[in-house]
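Reader: I would like to learn how to read a structure like this one feature by feature. Could we go through it together?

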Amino acid sequence: MKSIQVEGREIPLDKEGFLRNLDDWSPAAAEQLARAEGIELTGDHWQVIRLLQEFYREFELSPAMRPLVKYVGQHLGADKGRSIYLMQLFPPSPAKVASKIAGLPKPTNCL
């Protein structure tokens, strides 16, 4: 079984690197998950991560790409609510990678 070490705790991951337990998420866990994806988190990343968590609390699911783009656009403005913007932050699959780093389940229609 895969896992990450965060602040002295071993946190289990599924075979694709998503948290097995959403309650294990923390900013430190997000940093570890992002590093595993080759991403250094910036303020722009954190904005999207927080929005994803808000989306999950509201709808009880991780958004696919289109709903993610729309939600980001509604909350952060049209310049950030674009696929290309999210692709630059969370390549190669923004909905999947951002959900993983945000500690959410894999979006259902992501490969």
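Reader: Let me begin at the hairpin: how many residues lie between β1 and β2, and which residue in the turn has a positive phi?

Author: Happy to start there, and please keep in mind that this is a predicted model. Two residues lie between β1 and β2 in the hairpin, and Glu7 in the turn has a positive phi of about 50°.

Reader: In what sense do β1 and β2 pair, and over how many bridges?

Author: The pairing is antiparallel, with four bridges. To follow one of them, look at Ser3, whose bridge partner in β2 is Pro12.

Reader: Which residues of β1 are on its covered face, and which on the uncovered one?

Author: Ile4 and Val6 are on the covered face of strand β1 (residues 3-6), while Ser3 and Gln5 are on the uncovered face.

Reader: Let's turn to charges. How many salt bridges does a search of the whole structure find?

Author: The general idea is that side chains of opposite charge can pair when their charged atoms come close. Here the search of the whole structure gives five salt bridges. One of them joins the side chains of Asp24 and Arg9, at 2.7 Å from N to O. Asp24 sits in the loop between β2 and α1 and Arg9 in strand β2, so this pair ties together parts that are 15 residues apart in sequence.

Reader: Is Asp24 buried or exposed, and what does it contact?

Author: Asp24 is buried, its relative accessible area being 10%, whereas its partner Arg9 is partly exposed at 42%. Leaving aside neighbours within four places in sequence, Asp24 is in contact with Arg9, Ile11, Pro12, Leu19 and Ala29. The salt-bridge partner Arg9 therefore appears in the contact list of Asp24 as well.

Reader: What about Lys100: where does it lie, and with which residue does it form a salt bridge?

Author: Lys100 belongs to helix α5 (residues 94-101). Its salt bridge is with Glu37, and the closest N and O atoms are 2.8 Å apart. This pair links distant parts of the chain, since Glu37 is in the loop between α1 and α2, 63 residues from Lys100 in helix α5.

Reader: How accessible are Lys100 and Glu37?

Author: Lys100 is buried, with a relative accessible area of 9%, and Glu37 is partly exposed, with 29%. Not counting neighbours within four places in sequence, Lys100 is in contact with Glu16, Gly17, Phe18, Leu33 and Glu37.

Reader: Glu16 is in that contact list. Which residues are linked with Glu16 in a network of salt bridges?

Author: Glu16 is linked with Lys96 and Lys106 in that network. The side chains of Lys106 and Glu16 meet at 3.1 Å, N to O. Lys106 is in the segment after α5 and Glu16 in the loop between β2 and α1, so the pair ties together parts that are 90 residues apart in sequence. Both partners are partly exposed: Lys106 has 25% relative accessibility, and Glu16 has 28%.

Reader: Now the rings, please. How many aromatic pairs does a search of the whole structure find?

Author: For rings, look at the distance between centres and the angle between planes. The search finds four aromatic pairs. Among them is Phe55 with Phe59, a tilted pair with 4.6 Å centre to centre and 45° between the planes. These two residues are four apart in helix α2 (residues 43-59), which means that about one helical turn separates them.

Reader: Are Phe55 and Phe59 buried or partly exposed?

Author: Phe55 is buried, with a relative accessible area of 7%, whereas Phe59 is partly exposed, with 40%. Phe59 also pairs with Tyr71: their ring centres are 6.4 Å apart and their planes are at 80°, so this pair is edge-to-face. Since Phe59 lies in helix α2 and Tyr71 in helix α3 (residues 65-76), the pair ties together parts that are 12 residues apart in sequence. Tyr71 is buried, at 6% relative accessibility. Together, Phe55, Phe59 and Tyr71 form one aromatic cluster.

Reader: Which side chain makes a polar contact with the side chain of Tyr71?

Author: That is Glu54, at 3.1 Å. Glu54 lies in helix α2 and is partly exposed, at 32% relative accessibility. Not counting residues up to four places away in sequence, Glu54 touches Tyr71 and His75.

Conventions: Residues numbered from 1 in each chain as written. Predicted model: local features only at pLDDT ≥ 70, side-chain atom pairs only at ≥ 80, totals over all residues. Heavy atoms only, no water. Phe/Tyr/Trp six-rings, centres within 6.5 Å; stacked < 30°, edge-to-face > 60°. Buried < 20%, exposed > 50% of the residue type's maximum accessible area, 1.4 Å probe, protein only. Contact = heavy atoms within 4.5 Å. Pairing = 2+ DSSP bridges. Polar contact = N/O pair within 3.5 Å; in protein donor to acceptor, adjacent residues only side chain to side chain. Salt bridge = Lys/Arg side-chain N within 4 Å of Asp/Glu carboxyl O.
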